[in-house]
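Here is a short set of questions and answers on one protein model. Look it over, then read on.

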Amino acid sequence: MQNFRIARIYIVIVFLLSVLVILGVSSAFVNEPSLILTAAVVAAVIAFLDLYPVILRHQVEVTISTAVKIAAVILAPVPVLLLAIFFGTLIAEWRLKRVWYKQLFNVGVMTLTYTFAAFIYRILHQSDIGLLASVQNLLSLALLGVSELVINSVLISLVIALTAKLPITYVWAENFKPIVLHDLSMLPLGVLIAMLWQSTPWSVILMAAPLMAVRHSYQLVTDLQRQTREALMALARVLDERDEHTSQHSELVSQCAGMIAHELGLGPGQVDVITRAAWLHDIGKVGMRNDILFKPGPLTPAERETAKRHAALGGDLLEKFPLFETGAIYVRHHHERWDGKGYPDGLSGEAIPLGARILTVADSYQAMVEERPYRKPLSDELALEQLRQAAGTQFDPKVVEALFRAKGFTMTSSVTDDSQRYHNQVSPA
């Protein structure tokens, strides 16, 4: 709760600073009232474009209004630019019905971002020559794009870092890599809009189609990524439902893996990858024969070797999708053992990726507390005891300890008398 309070104080400060900026430039409109109409037109364009954001991963949004704002930095007087951004963003936020503190924060961030970006651009830009006529002018445009990206992302990263108690550098790396390409692509589009306006103002209408095409391409990529995720999750769910005893197994393993990852202090991006990988950890079983998958008794050595292939097969399948490259590694290695006696590659200790070590513990725990044709489910206490006994041999002790904490137990909890007879049921089915 304290974190949210500090974050909201920061949000209010950012918004109040933006209000001070607007008050500081307001005198320009008293001296030249005609500028208000110009600011209103630019604000309307910004508001309209902001109403149609594209949501990338981790709820990071991008809009093509960035190109219009960059063009306004180049063309418009600073008071017009800032007033248009302030009220254009405010109108869009109000129409999108976001919670009040997000509205204030987004308005403040946009205003402050372009205040500094415009200041940097105008210090370096040579206004007496063409927009692209000198190295200095090219440098000023480059710094305009970089400063817009850096200032905006740092201000947003700071509020996330305050809320989640994470390092700001980590938050930036996790959340803003996806928008770097977008913002850099907006810079030349903004410059082109400015050049068309300087040549023949009405010709900027020609930029409507390219801007819509850029937005559409980002939306298509985002939709394809979402559809890919949903299709793979649906496949994992179908695999679970093939066997009444494993219904919802992957979903529950994903929840357990998320609990462990949070307990280990991993960031949102890492937790997201791990939970998705956990949901898909058995996707390699799509190639497993039913007589092996549903066999009620112990597998023969040959059948066990066949069953082991599912980990490598799942990893190979997922690595074909760029969205799941890291998760594919976790899926491939989720049957490795801490002592190196696992499969498919016989990795040991910290050579096993942390995400895979988390999946191993989550999968084993969930398998033990679920009913199987050849045994009844274990209680939480018995399952945790089996994990404790195998910590340091089959499992990473730190990961096991994290699950104990997440479940409200400690690694020094007493051992139940019945735990030993379940000693051979640690490995997931």
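Patches are made of residues with over 30% relative accessible area and no salt bridge, with like charges joined within 9 Å and nonpolar side chains (Val, Leu, Ile, Met, Phe, Trp, Tyr) within 5 Å. A salt bridge is a side-chain nitrogen of Lys or Arg within 4 Å of a carboxyl oxygen of Asp or Glu. Accessible areas come from the Shrake-Rupley method with a 1.4 Å probe, and for residues only the protein chains shown count as cover.

This is a predicted model: local features need pLDDT of at least 70, side-chain atom pairs count only at pLDDT 80 or more, and totals for chains, interfaces and linings use all residues. Residues are numbered from 1 along each chain as its sequence is written, and side-chain values use heavy atoms, without hydrogens and water.

Q: What is the area of the nonpolar surface patch made by I9, I13, L17, L20 and L23?
A: L23 lies in helix α1, residues 2-25 (helices are DSSP runs of H or I, at least four residues, numbered from the N terminus). L23 counts as exposed because its relative accessibility is 55%, and exposed means over 50%. With I9, I13, L17 and L20, L23 makes a nonpolar patch of about 490 Å².

Q: Which residues is S348 in contact with, leaving aside its neighbours within four places in sequence?
A: S348 sits in the loop between α14 (325-332) and α15 (354-369). Its C-alpha is 41 Å from that of L220, 128 residues apart in sequence. Contact means heavy atoms within 4.5 Å. The partners of S348 are R337, W338, D339 and G340.

Notes. Helix = DSSP H or I, 4+ residues; strand = E, 2+ residues; numbered from the N terminus. Buried < 20%, exposed > 50% of the residue type's maximum accessible area, 1.4 Å probe, protein only.
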